[in-house]
Amino acid sequence: MQYRPIGIFDSGFGGLTVLKEIERIIPQYDYLYFGDNARAPYGSRSFEAVYAYTLEAVRWLFDQGCHLVILACNTASAKALRTIQQNDLPRLAPEKRVLGVIRPVTEMVGKMTRSRHIGILATAGTVASQSYVIEIKKHFPEVNVTQEACPMWVPLVENNEFDSDGADYFVRQHIHRLFSADRLIDTVVLGCTHYPLLENKISRFLSSGITLVSQGIIVAKSLADYLLRHPEIAARCSTLGRRDFYSSETPEVFERSAVLFYGRSLSCRKMG
């Protein structure tokens, strides 16, 4: 069987939390993960930069044999996915597919809220894009959506401070701001793939009865459903049991931090 893995792209490590759930749900496929760690984080970068970096990564993953690529990065999904799908794929590879992590969550979250008030915790870039608001309103126009940008959370996670006492201030601050803006929120979406590492700490500052939504399991189930509904795409994805990891940073740097997100050690190669 020819090696044609499912590509998983993120600006850094966070997409590993999504890959971990995807592997758990559909382990039979081959996966090739690429983290653009040398240029991370994407959250504060312009739309133009994120689009250029993401398109570069997608083209590289296509060159490695991927027929399906998942943008396991909220910022890339928010700032680049639609343009790549509508403008670039028809020209570059009309038979290939690129999917994101925002739409699967927005299709589900409106069914989870009882109060019809949803909160989004995300990077500044994802908040500025309004992608969650737009997509949720598309499926559930009656739902109120309040966003809160949390610019310090990714650095806390990537510097292994996510479980420290010092992180409490930043977590409490943004939870307070979110609920001060809308006290009727009963469902909160973690709109960044880094944030699952903060999930236990975030939960401590939420009132009882608040549903905290993490993306990984939703994206994994959505991908499994997509492959069932699109057997022609599934047939182009190989099932050799391979897992490959690449980074734009040196492998040693990637491997050292990746275990926090992936849950186990891995071997990485430099993208080139």
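Q: Before we get to the pockets, which residues count as nonpolar, charged or polar here?
A: Ala, Val, Leu, Ile, Met, Phe, Trp, Tyr, Cys and Pro count as nonpolar, Asp, Glu, Lys and Arg as charged, and the others, Gly among them, as polar. The structure itself is a predicted model.

Q: OK, so what classes of residue line the second largest pocket?
A: Its lining has six nonpolar, five polar and three charged residues.

Q: What's the volume of that second largest pocket?
A: The second largest pocket holds about 200 Å³ of space. Its lining is made up of 14 residues, and those closest to the centre are Thr17, Glu21, Pro196, Glu199 and Ser214.

Q: Which helices supply at least two residues of that lining?
A: Helix H1 (15-25) and H11 each do. H1 gives the largest share, four residues.

Q: Switching over, what volume does the largest pocket have?
A: The largest pocket comes to about 760 Å³. It is lined by 32 residues, with Leu81, Gly100, Ile102, Arg103 and Pro104 the closest to its centre.

Q: And which helices each supply at least two residues there?
A: Helix H3 (74-79), helix H4 (81-92), helix H5 (102-109), helix H7 (131-139) and helix H11 (215-229).

Q: Which one has the largest share?
A: H11, with nine residues of the lining of the largest pocket.

Q: How does that lining split by class?
A: In the largest pocket, 15 lining residues are nonpolar, eight are polar and nine are charged.

Conventions. Residues numbered from 1 in each chain as written. Predicted model: local features only at pLDDT ≥ 70, side-chain atom pairs only at ≥ 80, totals over all residues. Heavy atoms only, no water. 1 Å grid on protein atoms, 1.4 Å probe; cavity = no way out; pocket = protein on both sides within 12 Å on 5 of 7 lines; lining within 4 Å. Points joined across faces, edges and corners; volume = space filled by probe spheres on them.
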